[in-house]
Amino acid sequence: MLTLEILDTFRRLLDEAKASGEPEPTAMNLATVDSSGRVASRIVLLKGVDERGFRFYTNYQSDKGSQLEAHPQVALCIHWKQLREGVQVRVEGAARKLQDEESDAYFASRARGSQIGAWASLQSQTLPDRETFEQRLARYEHEFDGREVTRPPHWGGYVVEPDTLEFWYGAQFRWHERVRWSRHGQTWTSRLLYP
């Protein structure tokens with residue numbers, strides 16, 4: 001569980017980033033490892049943070065979903081270039097699937113086109129041509145015509161439960177300020193790191 005001090009710091013920085021003109025303040029790099037030890041990374045969107053950790057949503061059958069199933073240990077990095085002299089938040093910990101109810105609630109809040117896309121996309125699988133995807137979109141638009149789009153069973157959320165978190169504040173001459181938080185059991189401790 002994140003401490004109130006960590007949460008308050010993160011939320012304050014996120015609010016500053018949103019006000020700073022960052023083009024996508026919730027974008028974060030998610031690094032995963034597959035069953036052979038190969039590392040992959042991509043940008044996902046932060047969809048919430050609370051005492052449990054950092055939430056995002058995806059297709060469970062995608063490459064990232066398979067990697068998370070094989071190795072739940074992940075790393076996140078959020079970089080706000082427009083904020084101050086640049087700010088990063090680095091997170092390491094385990095990714096756990098959210099309860100169905102939480103995934104259902106978030107899915108219901110999405111735009112209908114995004115909901116249809118979650119059904120139509122066989123994420124990370126080979127797509128023979130764009131027309132095939134457009135046909136799948138049309139199929140699910142027809143299937144859900146006139147009714148609510150339910151969440152596909154292969155789609156939902158994760159929460160990354162941190163055991164390490166670092167606030168990195170950029171400074172001139174690379175005299176950065178780094179505050180590293182580490183969790184030992186239920187206790188968090190912080191220390192400064194050299195730039």
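Here are some short exercises with worked solutions on the structure above.

The model is predicted, so local features need pLDDT of at least 70 and side-chain atom pairs count only at pLDDT 80 or more, while totals for chains, interfaces and linings use all residues. Residues are numbered from 1 along each chain as its sequence is written, and side-chain values use heavy atoms, with hydrogens and water left out.

**Exercise 1. The overall plan**

Find how many helices and strands the protein has, and their pattern along the sequence.

Solution. Start with the terms: helices (H or I, at least four residues) and strands (E, at least two) are DSSP runs, numbered from the N terminus. With these, the protein has 5 helices and 9 strands. Next, read along the sequence: the pattern is α-β-β-β-β-α-β-β-α-α-α-β-β-β. Finally, picture a box of roughly 55 × 35 × 30 Å along the principal axes, which the C-alpha atoms fill.

**Exercise 2. Inside and outside**

Work out what share of the 195 residues is buried, and what area the protein exposes.

Solution. First, buried means under 20% relative accessible area, exposed over 50%, and partly exposed in between (1.4 Å probe, protein chains only). By that rule, buried residues make up 45% of the 195 residues. Then turn to the surface: the protein exposes about 11100 Å², an area from the Shrake-Rupley method with a 1.4 Å probe. Carbon and sulfur atoms supply 47% of this exposed area.

**Exercise 3. The two sides of helix 5**

Describe the length of helix 5 and say which of its residues are buried and which are exposed.

Solution. Begin with the length: helix 5 (residues 130-143) has 14 residues and reaches 20 Å from its first C-alpha to its last, close to the 20 Å expected at 1.5 Å a residue. That expected span is 1.5 Å times one less than the number of residues. Now look at burial: Phe133, Arg136 and Tyr140 are buried in helix 5. They lie on the same side of the helix because they cover an arc of only 60° around the axis, the arc being that of the directions from the helix axis to the C-beta atoms. On the other side, Arg130, Glu131 and His142 are exposed.

**Exercise 4. The neighbours of helix 4**

Identify what the buried residues of helix 4 pack against.

Solution. Take the link with helix 5 as a starting point: what covers the buried residues of helix 5 includes helix 4 (112-120). In helix 4 itself, Gln115, Ile116, Gly117, Ala118, Trp119 and Ala120 are buried. These pack against helix 3 (100-109), helix 5 and strand 7 (155-169).

**Exercise 5. Two serines**

Locate serine 103 and serine 182, and list what each one touches.

Solution. Serine 103 comes first, and its place is in helix 3. Serine 103 counts as buried because its relative accessible area is 0%. Contact means heavy atoms within 4.5 Å; not counting residues up to four places away in sequence, serine 103 touches Tyr57, Tyr60, Leu98, Arg151, Trp155, Gly156 and Gly157. Its C-alpha atom and that of glycine 156 are separated by 5.1 Å, although the two residues are 53 residues apart along the chain.

Move on to serine 182, in strand 8 (residues 177-184). Serine 182 counts as buried, at 13% relative accessibility. Leaving aside neighbours within four places in sequence, serine 182 is in contact with Asp163, Thr187, Trp188 and Thr189.
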